[in-house]
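Here is a set of exercises to work through with the model open beside you. Try each task before reading its solution.

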Amino acid sequence: MKIRARLGDASRRDLAFGALTLLLFLAVTSAFPAFASPRNVAGLLDDTAILVMLALAQMLVILVRGIDLSIAANLALCGMLAAQFDRAFADTLAGAGVPLVIALTLLAGGLLGAFNGLLVWKLRLPPIVVTLGTMSVYRGVIFLLSGGAWVNENEMSRGFVGFPRIEILGLSVLTWLAIFVAAVFIVALRRTRLARDLYAAGGNPDAAAYSGIDAGRAQFIAYTICGAIAGVCGYLWVARFAVAYTDIALGFELSVIAACLIGGVSIAGGIGSAAGVVLGCLFIGIIRSSLPLVGISAFWQMFINGAVILVAVLLSARQRDVKRHILEARA
Amino acid sequence: MKAWAQRFLRWESMLAAVLVLEFVLFASLSPYFLDLYTLSDATFNFTERAIVALPLAMLIIAGEIDISVAAIIALSSVSMGLTASSGAGTGAIVCAGLGTGLGAGMINGALVTIGRVPSIVATIGTMTLFRGAAYAVLGDRVLKEYPESFAIFGQGYLVGALSIELALFMVLALLSGLFLHYTRWGRTIFAVGANPVASRFAGVPVNRYRFALFAATGLFCGLAAVLLTSRLGSTRPSIAQGWELEIISMVILGGVSVWGGKGSILGVVLAALVFGLITFGLGLMNIPGIVMSIFVGALLIAVVATPALLGRLKAGRA
């Protein structure tokens, strides 16, 4: 009971889910010792890194009762921008290329996200419709920008493609970036005033308004941060797969949202933790990389993800029943 | 004068105007446009989606949503493919498709009503599950051992240039319109969407309505799967990929409010026609479909932004 009192609901869930993830990892390792080799773990983390960053970004938006369906289109558009920028200026800029690309994608992604946020904040439009619309628009703009052509690896500069692959202490820069983003989120969501505002605005917008928090403004900020992260992930995605075209990450927005749901983020807003989301992504990553070992076809991945999502949301729906919906009699 | 202006500003009238505009534009731009068979051909690229849009519109009016519609189509198509491979006849194949769709819809309904999971979350889950099941069963295989008589649903014509698909859509649209706007059940759907709590206190079995609507949406997805599979003559697990967002766009473009309680079948039908004509007309002019998505996306935002902006102007004047 003491632990119960000290830990919030979210922390207890994270603890249980963390134990489950660890158990899964140990189970796979006990059957296939090579699974825990540093090389394999580094690969697993590298594979999951972009999902972790995107899911954390998406979590911010869901926390404030929004949803960002345009996150993958934003990523693809910024990825294309980065690739074209690199193609045009890599020779003249030499070493300064990658930092500039990162700055550019941060800015571009942030603007695309801010556009979503403005529509939701100032016009009070439903987030699902706004981002469904911008999703189509952003995808279309990639086509206009590229004329439908691909940017291939041989057109990219070596620094551009190589940056996320540089190894530091056995892990790729891409992995370190994800660790950095996750650490910032875990600390900031617990310690900063902005984070408290976001939780308050998502948990109960009316009450938040009475305590001086502008829920709309909180949504705007969440969308902008989400967009900026998606933008940088666009560069990382394009560099990692060494190709940019109109359809990269097509449909990935729903995978990102699914990762949030597995990680315990409530679509109703106000509930969710960064640690939970990171665990959710790792859980998916461990399953994905262990399927071929266990001898199950990779085609089962999606089905297993679906089953995991449903179990997760059914459990959290049952938990919530205890406290809320006093009026809701079973019809 | 004011009433007249209001009638003109109604969403359906604006859609109809857009439709006429498109018609005139494409007819003047391309000499091939105004051919009966060309136009009939053009309907194939939206009827299947439009059929799913009908029950989905009612579901959204009732305040719920189904993201899994395209995955249900894929799952139904796979079950039809397997039935066909086992040597069954056309009747059994169609039953397999419709039955799978209905079953999948009932799973969604059960999750939302009994499991009490918010519909957007539940159907993102089942979307992954159903599409995942299609991939798990088929992998990278293709099923195409369909009997010849099965081709009639997606490729056959009723009379002249009127395809079976289009005829079916028109009948279903008419029935849906009558059901939603002229029956007690239809009124109740609006009530459930506008205020579920008040509806419950008024004695409406809200969950039973929700369940039935999810089941109906699944059934219509099964029907769309029959038509699509019959038209393509083959099943891959990636069939109808990305359709969920296109179908939802169609419904919202038709003036259905995502907050629930508002919308009409006429609007959805007009939106489907606008959708189909744009795709087809731009195709005639060799403009790639992805460019159209810019228009559709912008239109989608404009649909919901216009009333909000007008409301602001009015509030500013008052």
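The exercises below concern a predicted model and go from whole chains to single residues.

**Exercise 1. Describe the make-up and overall dimensions of chain A and chain B.**

Solution.
- Step 1: start with secondary structure. Chain A contains 14 helices and two strands, and chain B likewise has 14 helices and two strands.
- Step 2: turn to compactness. For the 318 residues of chain B the globule rule gives 20 Å, and the radius of gyration is 20 Å, so chain B is as compact as a globular protein of that length. For chain A, with 331 residues, a compact globule would have a radius of gyration near 20 Å, and the value of 20 Å agrees.
- Step 3: look at the extents along the principal axes. The C-alpha trace spans about 65 × 55 × 35 Å in chain A and about 70 × 55 × 30 Å in chain B.
- Step 4: add burial. In chain A, 50% of the 331 residues count as buried; in chain B, 50% of the 318 residues do.
- Step 5: finish with contacts between residues at least 6 apart in sequence. In chain A, 79% of these join residues at least 24 apart, and for chain B the figure is 79%.

**Exercise 2. Work out which parts of chain B form its side of the contact with chain A.**

Solution.
- Step 1: count the residues on each side. Chain A contributes 45 residues and chain B contributes 45 residues.
- Step 2: assign the chain B side to helices. At least two residues each come from helix H6 (119-138), helix H10 (196-201), helix H11 (206-232), helix H12 (243-253) and helix H14 (289-317) of chain B.
- Step 3: find the main contributor. H6(B) gives the most, with 14 residues.
- Step 4: sort the chain B side by class. There are 31 nonpolar residues, eleven polar and three charged.

**Exercise 3. Compare how H4 and H3 of chain B pack against H11(B).**

Solution.
- Step 1: decide what to look for. Two packed helices are described by the angle between their axes and the distance between the axes.
- Step 2: take helix H4 (residues 69-85) of chain B. Its axis and that of H11(B) come within 8 Å and cross at roughly 55 degrees. That angle makes H4(B) oblique to H11(B), and the crossing is right-handed.
- Step 3: locate the residues involved. From H4(B) they include B:Ile72, B:Ser76 and B:Met80, while those of H11(B) include B:Gly218, B:Cys221 and B:Ala225. By class, this contact has eight nonpolar, six polar and no charged residues.
- Step 4: take helix H3 (residues 36-61) of chain B. Here too the axes come within 8 Å, but H3(B) and H11(B) cross at roughly 175 degrees. Angles over 145 degrees count as roughly antiparallel, and H3(B) is therefore roughly antiparallel to H11(B).
- Step 5: list some of the residues that meet. Among them are B:Phe44, B:Ile51 and B:Leu59 in H3(B), and B:Leu213, B:Phe220 and B:Arg231 in H11(B). This contact has 17 nonpolar, one polar and two charged residues.

**Exercise 4. Place two arginines with positive phi and say whether each is buried or partly exposed.**

Solution.
- Step 1: begin with A:Arg65. Although not a glycine, A:Arg65 has a positive phi of about 65 degrees. A:Arg65 sits in the loop between helix H3 (38-63) and helix H4 (71-93) of chain A.
- Step 2: apply the burial cut-off, which is 20 or more other C-beta atoms within 10 Å. A:Arg65 has 21 C-beta neighbours inside 10 Å, so A:Arg65 counts as buried.
- Step 3: move to B:Arg116, another non-glycine residue with a positive phi, here about 55 degrees. B:Arg116 is in the loop between helix H5 (90-113) and H6 of chain B.
- Step 4: use its neighbour count. With 18 other C-beta atoms within 10 Å, B:Arg116 is partly exposed.

**Exercise 5. Describe the surroundings of A:Val101.**

Solution.
- Step 1: find its element. A:Val101 belongs to helix H5 (residues 97-122) of chain A.
- Step 2: judge burial. A:Val101 has 28 other C-beta atoms within 10 Å, so A:Val101 is buried.
- Step 3: name its contacts. Leaving aside residues up to four places away in sequence, A:Val101 touches A:Ala82, A:Phe85, A:Asp86, A:Phe160 and A:Tyr235.
- Step 4: add a distance. A:Gly79 is 22 residues from A:Val101 in sequence, and their C-alpha atoms are 9.7 Å apart.

How values were computed: Residues numbered from 1 in each chain as written. Chains lettered and ligands numbered in written order. Predicted model: local features only at pLDDT ≥ 70, side-chain atom pairs only at ≥ 80, totals over all residues. Contact = placed C-beta atoms within 7 Å. Helix = DSSP H or I, 4+ residues; strand = E, 2+ residues; numbered from the N terminus. Nonpolar A, V, L, I, M, F, W, Y, C, P; charged D, E, K, R; others polar. Rg over C-alpha atoms; globule rule 2.2 N^0.38 Å. Buried ≥ 20, exposed ≤ 12 C-beta atoms within 10 Å, placed from the backbone. Axes fitted to C-alpha atoms, helices over the stretch in contact; angles between N-to-C directions. Parallel < 35°, antiparallel > 145°, perpendicular 65-115°, else oblique. Left-handed = near helix turned anticlockwise from the far one by under 90°.
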